[in-house]
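Please walk through the model shown below, beginning with the overall order of its elements and then turning to the strands at the start of the chain.

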Amino acid sequence: MSAFWDRIRVDESAGTIFDGDRRYLLMRPDVLMGMLHELPADMHATVLTALGRSARKHGGKSVAAYLHAEGPARLQQSVIDGAAAFGWGKWRITQRDGNTELEVENSPFAAGYGPSGEPVCAPVGGIFHSLAQALMGGAVQVTETQCAARGATSCRFVARSAGPDRNPQSPGDLTVQALSQ
């Protein structure tokens, strides 16, 4: 067990799981992502974008809490540890050419959805957006460039500086469409 689990409070009598004031839910990925298979195909991108933005907004609270509790030097590792502990796959983050890149092995979202013509890991992109913003010190744009649901061996994301003139809350800051495969 990682140190991450030392912070988790499970209260089975109340049916709750907490990390500080942030409540968590354990759910099978096929149940969550199977929801998309129940919707018309033309709604998938809208739902995935909304899910990614929600993960960015609410997961960003966890990123901020880790930053406050552990400081900037530990932030990246705390998010990586949390992702692994909660079943979000194995994350590797690198810095290259002024960008922050994330590779995810064993994405539960790709596994839960199954084969897809489009990337489906928008929740990972949302959390990564919040982390990259903290690491890069400003507004970023995140793109999922490779997805295991599209047949790749892992999922990849790249965060680029969005520049000072961009609105960090604009929908275009989290791109659902993959650039390459």
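**From the whole chain to its opening strands**

Followed along its sequence, the protein chain in this predicted model reads β-β-β-α-α-α-β-β-α-α-β-β-β, and its secondary structure amounts to five helices and eight strands. Of the 181 residues in the protein chain, 44% are buried, where buried means under 20% relative accessible area. The accessible surface of the protein chain is about 9,600 Å², and carbon and sulfur atoms account for 54% of that surface. When contacts in the protein chain between residues at least 6 apart in sequence are considered, 59% of them link residues that are at least 24 apart.

The pattern opens with three strands, and these can be followed one pairing at a time. Strand β1, residues 8–11, lies antiparallel to strand β2, residues 16–19, and four bridges connect the two. Within this pairing, Asp11 is found opposite Thr16 of β2. The hairpin formed by β1 and β2 has four residues between its strands, and Gly15 adopts a positive phi near 70 degrees there.

Strand β2 also pairs with strand β3, residues 22–24, again in the antiparallel sense, with three bridges joining them. Here Asp19 has Arg22 in β3 as its bridge partner. This second hairpin, made by β2 and β3, places two residues between the strands, and in its turn Gly20 has a positive phi of about 65 degrees.

In tracing side chains along such elements, it helps to recall that in a regular strand they alternate between the two faces of the sheet.

Conventions: Residues are numbered from 1 along each chain as its sequence is written. This is a predicted model: local features need pLDDT of at least 70, side-chain atom pairs count only at pLDDT 80 or more; totals for chains, interfaces and linings use all residues. Side-chain values use heavy atoms; hydrogens and water are left out. Two strands pair if DSSP finds at least two bridges between them. Buried means under 20% relative accessible area, exposed over 50%, partly exposed in between (1.4 Å probe, protein chains only). Contact means heavy atoms within 4.5 Å. Accessible areas come from the Shrake-Rupley method with a 1.4 Å probe; for residues, only the protein chains shown count as cover.
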